[in-house]
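Me: I am new to this structure and would like a close look at a single part of it, the place where the ligand sits. Please go on from there to the loops and the helix that deserve a note.

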Amino acid sequence: MSGGAVDSAAFRQALGHHPTGVALISSTDADGEPVGMIVGTFTSVSLDPPLVGFLPARDSASFAAIRKSGRFTVNILAHDQEDICRALSRPADQRFEGLAWSPSGNGAPVLPDVVCSIDCSLEACTPAGDHYFVTGSVESLEIHRPVAPLLFFQGGFGGFVPGAFIAPSDAIVAEGVQTVQHIRDGMQRLAHAANGEVTVYAKVADHAVAVATVAGPDVPTSTILGSKWPLTPPFGEVFLIGAPEAEVEQWMNRARSAGEELLRTSRERLDHARKHGWAGSYAGDTRDTLLFPALTEYGVDGVTPAKQREIQAMFRAAGEDLRPVDLEPERQYQGASLVVPIRDRHGRCELMLRLCRIPPVSGSRIEVLADELCRLTREAERSVGGSPDPRILVSSP
Ligand SMILES: Cc1cc2nc3c(=O)[nH]c(=O)nc-3n(C[C@H](O)[C@H](O)[C@H](O)COP(=O)(O)O)c2cc1C
């Protein structure tokens, strides 16, 4: 222990509770060979002028080479680059062995698939205890892959999960698969009759995960099992039927943060779903070509705040198309999608049934299909001992 009452183990342990990002600081040495070190101390320092910083140990040989070159590139590692981080933590002379990289604008290594890279000239190197506080003047920067970054926390690596709670996902998915066994024939019949696709989704944390899907003869199945999309308002309202008030409030808060227009659409969709016991969406083109692919990608790459803003902008652009409508019996509707909650024995909705990819049909045909879907749902509920709340049963058209 030195310089005070804090011993280094306690210092490390307490500070390990503060999460950090993980970055590679790279450069080349006098022979043009790549040099670099992994740091958890990378930070932005100043906007005007643009400065960034990191804190290398004073005895780091890699930093000595970086300092000598007078320039460096910051590589922000992505959540799926833990292996690369470990490779870059090998002894300095083996660090880049077998790793692909390309030279950045200033000649320093940029790794493939990093979140972003920042080229800097070394501005200042100030002693700070057994480390230096190094600042770099930013010369150029590039976002390569706007996905969740790699994080270091309590001695381990992980990713970023936004204000979500973690649900017992295995149990819910298993229950979904069991439920499907009881209604598979019915799903098949409905998919054929509607010439569409019938899919069961399980609610896992704040995502919908596809657990079973069947398609009519002319429909290429395009929902991939296991694919998931976030329950971002105004989507996901049927899962809120029978949900505790706190969960509804959480969804509404997200809608509120998306602005007045999306808040109104979300509220209308939730009211419609509560009143009818099912939800319908008729914005086929926008929904299937734009929103769903973006949402599914979001489900795969992780829910980054940047992606969330991008999707909210898409929702705003879809505007009126997402508002619930009162069906006109004679009118033709293109790209209808109908969703019905499947309630468990506590009246909670952790599963839902969705009919989509149907050809253009009249409003009265949609009512019939919705009724069929609701019948199938009640069959599923009976199979798991669900006790549907009579207030939210759909009335026959
Ligand atoms: C997640 C993580 C964060 C790190 N952060 C720093 C840091 O901020 N400063 C530092 O000097 N070393 C840090 N290290 C250790 C260095 O990567 C490595 O030990 C150092 O480069 C070894 O020095 P050398 O390159 O001279 O051999 C970190 C290592 C890991 C795995």
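Reply: What follows starts at the ligand and then turns to some loops and one helix.

The model is predicted. In it, the space that the ligand takes up is the largest pocket. The ligand is surrounded by 14 residues, and the closest of them are I38, T41, A57, A61 and S62. Two elements, β3 (34-39) and α2 (61-69), each give at least two residues to this shell. The largest share comes from β3, with three residues.

Oxygen atoms of the ligand also pair with polar atoms of the protein. In the side chain of S62, an N or O atom is 2.5 Å from an oxygen atom of the ligand. For A61 the partner is in the backbone, where an N or O atom lies 2.7 Å from an oxygen atom of the ligand. The side chain of S60 has an N or O atom 3.1 Å from a ligand oxygen. As for cover, the ligand on its own has 630 Å² of accessible area, and the protein covers 71% of that.

Next come the loops, beginning with those that hold a cis peptide bond. One such bond joins D48 and P49, with omega at about 5°. P49 is placed in the loop between β4 (43-46) and β5 (51-54). Another cis bond runs from P233 to P234, and its omega is near 15°. The loop that holds P234 lies between β15 (228-230) and α5 (245-257).

Other loops hold a residue with a positive phi. Q154 is not a glycine, yet its phi is positive, at about 50°. Its loop is the one between β11 (151-153) and β12 (156-158). Q154 has 49% relative accessibility, so it counts as partly exposed, since the exposed class begins over 50%. N195 is likewise not a glycine, and it takes a positive phi of about 55°. N195 is located in the loop between α4 (169-194) and β13 (197-204). With a relative accessible area of 22%, N195 is partly exposed, because buried means under 20%.

S104 falls on the other side of that cut-off: its relative accessible area is 13%, so S104 is buried. S104 sits in the loop between β7 (102-103) and β8 (109-110). Its side chain has a polar contact with the side chain of D119, at 3.2 Å.

The last part is helix α9. This helix covers residues 363-383, which is 21 residues. At 1.5 Å a residue, α9 should span 30 Å, and its end C-alpha atoms are indeed 30 Å apart, so the expected and computed lengths agree. The buried residues of α9 are G363, I366, L369, A370, D371, L373, C374, L376, T377, A380 and E381. A general point helps in reading that list: an α-helix has 3.6 residues a turn, so residues three or four places apart point the same way. Among the buried residues are I366, L369, L373, L376 and A380. Just after α9 comes G385, which has a positive phi of about 70°.

Note on methods: Residues are numbered from 1 along each chain as its sequence is written. This is a predicted model: local features need pLDDT of at least 70, side-chain atom pairs count only at pLDDT 80 or more; totals for chains, interfaces and linings use all residues. Side-chain values use heavy atoms; hydrogens and water are left out. Helices (H or I, at least four residues) and strands (E, at least two) are DSSP runs, numbered from the N terminus. The expected span of a helix is 1.5 Å times one less than its number of residues. Buried means under 20% relative accessible area, exposed over 50%, partly exposed in between (1.4 Å probe, protein chains only). A residue is near a molecule or strand if one of its heavy atoms lies within 4 Å of it. A polar contact is a pair of N or O atoms within 3.5 Å; within protein, one must be able to donate a hydrogen and the other to accept it, and residues adjacent in sequence count only if both atoms are side-chain atoms. Accessible areas come from the Shrake-Rupley method with a 1.4 Å probe; for residues, only the protein chains shown count as cover. On a 1 Å grid over the protein atoms alone, a cavity is a set of points where a 1.4 Å probe fits but cannot get out, and a pocket is an open set with protein on both sides within 12 Å along at least five of seven lines; lining residues have an atom within 4 Å of a point. A molecule sits in a cavity or pocket if more than half of its atoms lie within 2 Å of its grid points.
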